[in-house]
Structures are given as C-alpha cells and as structure tokens.
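Subject: Structure for you to look at

Hello,

Here is the structure I said I would pass on. Please open it alongside this message; my notes come after it.

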Amino acid sequence: MWSDDGGLYLQCTSGAKEGVRRSWLYRFAAKGRERQMGLRSAQTVDLAEARERAAECRKLHQAGIDPIEHRKAAKEQARCKPRSQ
C-alpha cells in the first residue's frame, strides 16, 4: 500500500487471473478503530480525482461525519427517491 498523504492510499493486489489490481482507499480512524473507504479503481480514477475524493472524505471526517456512513445514506436516499415522469 502506498500513501499519498492525507489518508489517501493506493492499494495494489495481485491475483492469478487478473494480474495486478490497483485501487484508491481513504483510511481514517473512527470510534477507536481504523476504517478504509474505497474510492474506486485506479484504472477509472486518476490521481487528481482520487485526491479530490479523499479531500471530500477528510472534510466530512473533520466535521464528525463518518464518510462511509454518509455514502451509504446518500445511496439509500437516491434509491428511495421516486423517479420523475
């Protein structure tokens, strides 16, 4: 795992079929434990966008909001929102 500072990490894993897979993570501590939030594959998100996403997560965390729970709530709200006709 490689750090870009501010909680942003590039995780590299290898598999027999896929080869090396790279993904962006935001790592932070919440309620006394370490949490990791995936920010998407490094193939689809470049470094600049990963830094922006990590900065958004950092702002939420500094405001006392768990970024993972915030994302879950946003997805749930989008799922429950009625479609316009």
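The notes below cover the sheet, the helices, the salt bridges and the aromatic residues.

Please keep in mind that this is a predicted model.

Sheet

The strands form an open sheet of 4, in the order 1-2-3-4, with antiparallel pairing. Strand 1 (2-5) and strand 4 (33-41) are the edge strands, and each of them pairs on one side only. On average, neighbouring strands of this sheet are turned by 30 degrees against each other, direction ignored.

Strand 1 and strand 2 (residues 8-15) run antiparallel and are joined by 3 bridges. For register, W2 has L10 in strand 2 as its bridge partner, and S3 stands opposite Y9 in strand 2. The hairpin of these two strands has 2 residues between the strands, and G6 takes a positive phi there, near 70 degrees.

Between strand 2 and strand 3 there are 8 bridges, again in the antiparallel sense. One position to check the register by is T13, which stands opposite R21 in strand 3.

Helices

The sheet also carries helices, starting with the one that follows strand 4. Helix 1 (residues 47-62) packs on the sheet and touches strand 1, strand 2, strand 3 (19-30) and strand 4. The direction of helix 1 makes about 20 degrees with that of strand 3. Helix 2 (residues 67-80) packs on the sheet as well, touching strand 3 and strand 4. In this case the angle is given against strand 4, and the two directions make about 50 degrees.

Salt bridges

The structure holds 6 salt bridges; here are some of them.

R51 pairs with D4, and their closest N and O atoms are 2.7 Å apart. Because R51 lies in helix 1 and D4 in strand 1, this salt bridge ties together parts that are 47 residues apart in sequence. R51 counts as partly exposed, at 41% relative accessibility. D4 is also partly exposed, with a relative accessible area of 27%.

D66 and R35 meet through their side chains in another salt bridge, at 2.5 Å from N to O. D66 lies in the loop between helix 1 and helix 2, and R35 lies in strand 4, so the pair ties together parts that are 31 residues apart in sequence. Both D66 and R35 are buried.

The salt bridge of E69 with K72 has its closest N and O atoms 3.8 Å apart. These two residues are 3 residues apart in helix 2, so about one helical turn separates E69 from K72. E69 counts as partly exposed, with 41% relative accessibility.

Aromatic residues

How many aromatic pairs are there? The count comes to 1. The pair is made of Y26 and F28, with 5.4 Å from centre to centre and 20 degrees between the planes. The planes are under 30 degrees apart, so the pair counts as stacked. Y26 and F28 are both buried.

There is also a charge over a ring: R27 lies over the face of Y9, at 4.7 Å from the ring centre. Y9 is the residue that S3 stands opposite in strand 2.

Regards

How values were computed
Residues numbered from 1 in each chain as written. Predicted model: local features only at pLDDT ≥ 70, side-chain atom pairs only at ≥ 80, totals over all residues. Heavy atoms only, no water. Phe/Tyr/Trp six-rings, centres within 6.5 Å; stacked < 30°, edge-to-face > 60°. Buried < 20%, exposed > 50% of the residue type's maximum accessible area, 1.4 Å probe, protein only. Lys NZ or Arg CZ within 6 Å of the ring centre and 35° of its normal. Pairing = 2+ DSSP bridges. Axes fitted to C-alpha atoms, helices over the stretch in contact; angles between N-to-C directions. Contact = heavy atoms within 4.5 Å. Salt bridge = Lys/Arg side-chain N within 4 Å of Asp/Glu carboxyl O.
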